[in-house]
Amino acid sequence: MRAVLSGYYGKGNGGDEALLASLLQMLPDYITPIVLSGNPTQTNQWYGVETCDRMNALQILQTLRTADILIWGGGSLIQDVTSLASPFYYGGLMGIAQQIGLKTIAWAQGIGPLKRPITRHFAQRWFRGCNTVTVRDRASASLLVDWQIPFTLAPDPVWALDTLPVPRLSDFPSSRVAVNLRSHSSLTPARLATLTHALIDFQKATQTFILLLPFQKSHDLPIAKTLHNAIPNNSQIITLENPRELKGIFRQVEMIVGMRYHSLIMGLAEGCRSFALSYDPKVTQLMDELEIPGYLLSELPEDRNSISQNWIENYHNGKSLSQNKIEYLIERSLIHQEVLQQALH
């Protein structure tokens, strides 16, 4: 059986690559995946799978006609905050697949935000046409309840992603704190300056080594460079393209200060103390559900000392998730695999 996998793949985003790696890890052996990618050659080299250019309409149509299944492969695909193009791209693919008779699966979805009535209308139609739907958070589940669409709820599949070690971390001091910030309208220049000063104070007080982790170079690397320039002797920018290594790095880190949803999940799954900086409802939901300390960026204190003191307190006295809780979340996230195997059988 041939399955076309559609997501934000091959675009240099560590979280979406982690979702793809998780999906490939969970697919049954008898399924041949074909990945729609923004960088087909690279995706083929990384994962050893068939690929197709995600923006080549003729290639995609030909690929769909040779396939049995289309899988929306996880994450915030159906939302209209980033742009209107995104939901209609993915929804259009789903609509075509359903019209030509493919089995269609919406897998590990984080639905929304959906601000526009037209997007909500079409999203409801696309999900209703799917043979199987799984979601990763309660807000997505609530939407599907309202729409009276059957679904399965389970934690994000990246909880269960296998890791690889990162040997070169042994070159750095052993007390390590990871920081992930990304460009976003809520991270204003003033707030970035406040966070930069707070990080300088935190590093001096704790004598930790700061690992700056860009998850997507285009959005994260310029900010990582700003932070590195502020702490040149006690920080290092680490760019990792393999999502299993990206998750594995957190095994050698004591705390994560993270904006990105998957930076927090990876850190939590590997036993790090975590501090969230939320720019998005999905991050806020994660904070609430797992009682992660942090700030909404829109409500970030102007006082850098209060921020650094909170980080220092979390570093010294904060608690990571218990091993039992981590194992529970990993086990629950494997429900995405069970449902997938049942749907594909």
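The accessible surface of the protein chain in this predicted model comes to about 14,700 Å², and 48% of that belongs to carbon and sulfur atoms. Under that surface, 55% of the 345 residues count as buried. End to end, the C-alpha trace spans about 60 × 40 × 40 Å along its principal axes.

As for what the chain is built from, the secondary structure comes to 14 helices and 13 strands. The radius of gyration is 20 Å, close to the 20 Å that the globule rule gives for 345 residues, so the chain is as compact as a globular protein of that length. Contacts tell you about the wiring: of those with a separation of 6 or more, 70% are between residues 24 or more positions apart.

**The sheet and its helices**

Now for one of the sheets to look at in the viewer. It is an open one with 6 strands, and going across you meet E10, E9, E8, E11, E12 and E13 in that order, with parallel pairing. Strand E10 (235-237) and strand E13 (294-296) sit at the edges with a single partner strand each, so one side of each has no neighbour in the sheet. From one strand to the next, the twist averages 15°.

At the E13 end, strand E12 (residues 273-278) pairs with E13 in the parallel sense over 3 bridges. There, Ser278 stands opposite Leu296 in E13. Helix H8 (residues 217-230) packs on the sheet, where it touches strand E8 (176-180), strand E9 (209-212) and E10. The direction of H8 makes about 160° with that of E10. Helix H11 (residues 281-290) lies across E12 and E13, and runs at about 145° to E12.

**Salt bridges**

Side chains of opposite charge can pair when their charged atoms come close. This structure holds 9 salt bridges, including the three pairs below.

| Pair | Closest N to O | Relative accessible area |
|---|---|---|
| Arg116 and Asp80 | 4.0 Å | Arg116 36%, Asp80 3% |
| Arg304 and Asp201 | 2.9 Å | Arg304 34%, Asp201 18% |
| Asp220 and Arg260 | 2.9 Å | Asp220 1%, Arg260 7% |

Take Arg116 and Asp80, whose closest N and O atoms are 4.0 Å apart. Arg116 lies in the loop between strand E5 (103-109) and helix H5 (117-128), while Asp80 lies in the loop between strand E4 (69-75) and helix H4 (85-99), so this pair ties together parts that are 36 residues apart in sequence. Arg116 counts as partly exposed, whereas Asp80 is buried.

Arg304 and Asp201 meet in a salt bridge at 2.9 Å, N to O. This one links two helices from distant parts of the chain: Arg304 is in H12 (residues 304-317) and Asp201 in H7 (residues 189-206), 103 residues apart. Arg304 is partly exposed; Asp201 counts as buried, at 18% relative accessibility, because the cut-off for buried is under 20%.

Then there's Asp220 with Arg260, again a salt bridge, with the closest N and O atoms 2.9 Å apart. Asp220 is in helix H8, and Arg260 is in the loop between strand E11 (255-258) and helix H10 (261-269), 40 residues away. H8 is the helix that packs on the sheet. Asp220 is buried, and Arg260 is buried too.

Finally, Lys247, Arg251 and Glu270 are linked in a network of salt bridges.

How values were computed
Residues numbered from 1 in each chain as written. Predicted model: local features only at pLDDT ≥ 70, side-chain atom pairs only at ≥ 80, totals over all residues. Heavy atoms only, no water. Pairing = 2+ DSSP bridges. Helix = DSSP H or I, 4+ residues; strand = E, 2+ residues; numbered from the N terminus. Axes fitted to C-alpha atoms, helices over the stretch in contact; angles between N-to-C directions. Contact = heavy atoms within 4.5 Å. Rg over C-alpha atoms; globule rule 2.2 N^0.38 Å. Buried < 20%, exposed > 50% of the residue type's maximum accessible area, 1.4 Å probe, protein only. Areas by Shrake-Rupley, 256 points an atom, 1.4 Å probe, with all protein chains shown as cover. Salt bridge = Lys/Arg side-chain N within 4 Å of Asp/Glu carboxyl O.
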